[in-house]
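Q: This structure is new to me. Please walk me through what the terms mean and how the values support them.

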Amino acid sequence: MADDTYGTFRDELIDSGLVIDAGVEGLYGRTLAYEQIIAGIISLTTRTGAGDGAMTVHFPPVIPRWLLERTDYLKSFPDLTGSVHTFRGDDKLHARLLTLVEEGRDWVEVLEPADVVLRPAACHPVYPLCTDGPLPADGRRFEVQGWCFRHEPSPDPARMMAFRMHEFVYVGDPEGADAHRDVWVQRGTDMLESLGLDIEVVVANDPFFGRVGKMMAANQREEALKLEFVTPITSTQSPTAISSVNRHQDHFGLTFGIRSASGAVAHSACFAVGVDRTALALLHRHGLDPTAWPEEVRARLWP
Ligand code: 5GP
Ligand code: ZN
């Protein structure tokens with residue numbers, strides 16, 4: 001596949017019947033063939049992290065509005081936020097709503113915010129589970145995966161608005177958080193390379209919003225708090241992050257009031273697999289027909 005051809009790759013993914021254009025940029029339906037790749041990646045990730053004693057938890061793709069406020073997401077990424085709104089009016093307002101829809105005008109003005117927002121990262125719901133007294137001496141570990149939403153519509157198939165993320169999270173002391181990062185840099189690289197992908201681990205930053213965000217991104221890079229596992233999907237010049245390791249320092253510990261065994265503010269770190277992006281990387285690398293992928297790759301995904 002040639003470079004910078006995300007339009008072509010997107011068309012190929014749709015023409016091959018793997019994904020379905022769901023009607024707006026960055027939103028896709030998935031067929032069984034694609035979902036079998038997703039299931040394989042999730043199963044391999046689970047096996048890779050088994051043995052650490054992580055508690056496996058699942059949460060819906062919507063989280064309480066208070067949780068989004070507590071994570072400081074609105075400070076850092078207001079432009080990626082997805083908020084749920086609903087109708088709370090009377091008959092009169094309902095009539096207005098229908099009129100606005102019929103006339104093709106903006107009807108959202110009559111809605112009101114619900115108590116939930118869309119989840120931007122798989123790990124956010126686990127931090128409130130750690131606020132119940134000091135953590136055990138070796139911290140707490142969670143495995144969590146599911147749908148995430150970030151409002152960044154794009155024709156690039158690797159930039160989806162709704163996608164799956166599979167994470168292993170550590171909450172405990174600073175040394176444990178560093179160890180979690182180090183272990184997962186190696187494990188993540190081995191896991192993704194075992195699928196025949198060329199992986200490079202690079203220092204990265206989140207797309208923090210605005211002027212203050214520029215400083216936050218610079219600080220994140222300086223301290224190498226975010227490492228991304230990149231591989232070519234739609235461009236070899238700028239490969240795509242299919243996984244990342246994030247060191248949050250005491251950010252979640254402070255905002256959620258989590259204390260480590262020593263009583264100090266807890267530190268945390270997480271390893272996140274971008275499940276959909278990993279599927280796309282495999283389709284780019286090995287071709288659009290998973291039944292024709294190398295036997296050793298198939299054996300890793302579907303043992
Ligand atoms: P992070 O929290 O590092 O931004 O995201 C974790 C992982 O989720 C990324 O490494 C990436 O693989 C995946 N991810 C982030 N944004 C997107 C996106 O727009 N589309 C898709 N498909 N995956 C994403
Ligand atoms: Zn996370």
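A: Let's start just after α9, where Gly287 takes a positive phi of about 100 degrees. This is a predicted model, in which local features need pLDDT of at least 70, side-chain atom pairs count only at pLDDT 80 or more, and totals for chains, interfaces and linings use all residues. Residues are numbered from 1 along each chain as its sequence is written, chains are lettered from A and ligands numbered from 1 in the order in which they are written, and side-chain values use heavy atoms, without hydrogens or water.

Q: What makes α9 a helix with the expected reach?

A: A helix here is a DSSP run (H or I, at least four residues; a strand is E, at least two), numbered from the N terminus. The expected span is 1.5 Å times one less than the number of residues. α9 has 12 residues and reaches 16 Å from its first C-alpha to its last, close to the expected 16 Å.

Q: What makes α9 count as mostly covered?

A: Of its 12 residues, 9 are buried, a word used for under 20% relative accessible area (exposed is over 50%, partly exposed lies in between, with a 1.4 Å probe and protein chains only). Among the buried residues of α9 are Val275, Leu280, Leu283 and His286.

Q: Arg285 is also in α9, but which class does its accessibility give it?

A: Its relative accessibility is 45%, so Arg285 counts as partly exposed. Arg285 and Glu152 stand 133 residues apart in sequence and 25 Å apart in space, C-alpha to C-alpha.

Q: Which atoms are called donors of the zinc ion, ligand 2?

A: Donors are N, O and S atoms within 2.8 Å of the metal (3.2 Å for Na, K and Ca), and sites may look incomplete because water is not among the atoms. Cys123 (SG), Glu167 (OE) and Cys270 (SG) lie 2.0 to 2.3 Å from the zinc ion, so these protein atoms meet the cut-off. Along the sequence, their residues follow the spacing C-x43-E-x102-C. Cys123 and Glu167 link distant parts of the chain: Cys123 is in the loop between β6 (112–118) and β7 (140–149), while Glu167 is 44 residues away in strand β8.

Q: Are Cys123 and Glu167 buried or exposed?

A: Cys123 has 3% relative accessibility, so it counts as buried. Glu167 is buried too, because its relative accessible area is 1%.

Q: What surrounds ligand 1?

A: There are 18 residues around ligand 1, and Arg150, Met160, Lys226, Ala241 and Ser244 come nearest. A residue qualifies as near if one of its heavy atoms lies within 4 Å. The shell divides into 7 nonpolar, 4 polar and 7 charged residues. (Ala, Val, Leu, Ile, Met, Phe, Trp, Tyr, Cys and Pro count as nonpolar, Asp, Glu, Lys and Arg as charged, and the others, Gly among them, as polar.) β8 (162–172), β11 (240–249), β12 (267–274) and α9 (275–286) each supply at least two residues of this shell, and the largest share, 5 residues, comes from β11.

Q: How do you know that Lys226 makes a polar contact with ligand 1?

A: An oxygen atom of ligand 1 is 2.6 Å from an N or O atom in the side chain of Lys226. A polar contact is a pair of N or O atoms within 3.5 Å, so this pair fits. An oxygen atom of the ligand is likewise 2.8 Å from an N or O atom in the Arg150 side chain, and one is 3.0 Å from a polar backbone atom of Ala241. The protein covers 93% of the 500 Å² of accessible area that ligand 1 has on its own.

Q: Why is Ala224 called partly exposed?

A: Its relative accessible area is 24%, so Ala224 falls in that class. Ala224 lies in the loop between α7 (210–222) and β10 (226–231), and has a positive phi of about 50 degrees although it is not a glycine. Gln249, in strand β11, also has a positive phi of about 50 degrees without being a glycine. At 27% relative accessibility, Gln249 counts as partly exposed.

Q: How well does α2 match its expected span?

A: Helix α2 (residues 32–49) has 18 residues and reaches 26 Å, close to the 26 Å expected. Its buried residues include Tyr34, Ile37, Ile41 and Leu44. Just after α2, Gly51 takes a positive phi of about 105 degrees.

Definitions and conventions
Polar contact = N/O pair within 3.5 Å; in protein donor to acceptor, adjacent residues only side chain to side chain. Areas by Shrake-Rupley, 256 points an atom, 1.4 Å probe, with all protein chains shown as cover.
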